[in-house]
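User: I should like to learn how to read several features of a protein model. Please take them one at a time, with the general idea before the particular case.

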Amino acid sequence: MDKELSSVHYDQYLQLQKILKAQRLRSEEFKKPAHDEMLFIIVHQVYELWFKEILHDLNSVMEMFSDGTVEESQIGVAISRLDRIVKIQKILVDQIDIIETMTPLDFLDFRNYLLPASGFQSFQFRQLEVSLGLKRESRVSYTQCAYSGVFSDEEQEVLNNLEVRDSMLELVEKWLERTPFLQFERFDFLQEYKNSVKKMLKREEEAIKKADYISEHEKNLRVRMLGETNTYFSSIFDRDKHEEKLKQGSLKLSYRATISALLINLYRDEPLLRQPFMFLQKLIDMDELLTTWRNRHAQMVLRTLGQKIGTGGSSGYDYLKTTADSHRIFYDLHNVSTLLIPRSFLPDLPDELKRKLDFNFSKGSEK
């Protein structure tokens, strides 16, 4: 019989005996078995299995974008795989509800046996962070040592190699920079966009001044706020300001990549830009859910441990809450929403450009 067609048993295929015997309770070793330690181990083992699948899918997407050219068919596959990652992330968040069925006293029955083990030692999670684009210098430190110091020399080498290669963020930046259509014959997207923003802000200011249902004081306040809104567009109107923010670290995407992301978002209804828009949205979803998971994790720690120091030596809740706010990767893609304008103010695309962004078929090809 062909080996490929030979039978395989469910138990053997899934290596269930290895998996089901991998729950070793530390509390039993000290003759003080804690019932909820089994739950604690299984939940974290499941996390690691899901991290493995996330890395498997993410690495495949990164490989698609690493060649310098991305075929349209690959964008669809990338969207599908990122969507799977997003669905897995939702499960990761929901798993915290299961952990919280363990009360603080239940956890204290075995917590001291775990020292100094910590989630900081999750090698796969660190791989995920680095692969997405979290830089060493941007990390919030919980000790004086490098974050990678808790791993073996071999694991540290893997992380170092990941840090020097292009991250998902950097690959997306290069992909966006290759986006055509920013200038098409006489159509200059950025200049047309600037004109539309000025028209929009002027129209809004006129509407405020003409309103007869608010006081003069309120009108002045709203006009002043409108002026502050105008500053949101400054880094797009002025390339030098954008470059300065890049140096400061408040922005990550290059000027051209940001403009391209803006164009894709504004003209997302054009057929050829639909998939690129969906791809960017999946990256935002991933970033948002990673932040949600960090926040949810921090709240769980607060509920379970209060202000106790973490088993890995961090400040516990305070550290986790800080990372949720600062370890965001695709912040610039979120921020594109600040630059969006209503469809009614969108610059009209030249007919030839619209045809290039559409799926056109000649009558002769419809036979």
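Analyst: The turns below treat aromatic pairs, helix packing and backbone angles in this predicted model.

User: How is a pair of aromatic rings described?

Analyst: A pair of aromatic rings is characterised by how far apart the centres are and by the angle of the planes. In this model the count comes to 15 aromatic pairs. One of them joins Phe65 and Phe279, with 4.9 Å centre to centre and 10° between the planes. The pair is stacked, because planes under 30 degrees apart fall into that class.

User: Which parts of the chain does the pair of Phe65 and Phe279 link?

Analyst: Phe65 belongs to the loop between α4 (37–64) and α5 (72–99), while Phe279 belongs to helix α15 (residues 271–305). The two residues are 214 residues apart, and the pair thus links distant parts of the chain. Both Phe65 and Phe279 are buried.

User: Which other ring arrangements deserve attention?

Analyst: Tyr47, Phe51, Phe125 and Trp293 are joined into a cluster by ring pairs. A charge over a ring is found as well: the charged end of Arg139 sits over the ring of Tyr147, 3.9 Å from its centre.

User: How are two packed helices described?

Analyst: Two packed helices are described by the angle between their axes and by the distance between the axes. Here, helix α10 (residues 189–210) packs with helix α14 (residues 255–266) at an angle of about 65°, and their axes are 11 Å apart. That angle makes α10 roughly perpendicular to α14. The crossing of α10 past α14 is left-handed.

User: Which residues make the contact between α10 and α14?

Analyst: From α10 the contact involves Phe189, Leu190 and Tyr193. From α14 it involves Tyr255, Ile259, Leu262, Leu263 and Leu266.

User: Is Thr258 buried or exposed?

Analyst: Thr258, which is placed in helix α14, has a relative accessible area of 8% and is therefore buried. Apart from neighbours within four places in sequence, Thr258 is in contact with Ile236, His242 and Leu253.

User: What is the general expectation for phi?

Analyst: Most residues other than glycine have a negative phi. Gln15 is not a glycine, yet has a positive phi of about 55°. Gln15 lies in the loop between α1 (10–13) and α2 (16–20), and is partly exposed, with a relative accessible area of 36%. Phe181 also has a positive phi, near 80°. Phe181 lies in the loop between α9 (168–177) and β1 (183–184). With 15% relative accessibility, Phe181 counts as buried, because the limit for that class is under 20%.

Notes: Residues are numbered from 1 along each chain as its sequence is written. This is a predicted model: local features need pLDDT of at least 70, side-chain atom pairs count only at pLDDT 80 or more; totals for chains, interfaces and linings use all residues. Side-chain values use heavy atoms; hydrogens and water are left out. Rings of Phe, Tyr and Trp (its six-membered ring) pair if their centres lie within 6.5 Å; planes under 30 degrees apart count as stacked, over 60 as edge-to-face and the rest as tilted. Helices (H or I, at least four residues) and strands (E, at least two) are DSSP runs, numbered from the N terminus. Buried means under 20% relative accessible area, exposed over 50%, partly exposed in between (1.4 Å probe, protein chains only). A charge sits over a ring if NZ of Lys or CZ of Arg is within 6 Å of the ring centre and within 35 degrees of the ring normal. Axes are lines fitted to C-alpha atoms, for helices over the stretch in contact, and angles run from 0 to 180 degrees between N-to-C directions. Angles under 35 degrees count as roughly parallel, over 145 as roughly antiparallel, 65 to 115 as roughly perpendicular and the rest as oblique. A crossing is left-handed if the near helix is turned anticlockwise from the far one by less than a right angle, and right-handed if clockwise. Contact means heavy atoms within 4.5 Å.
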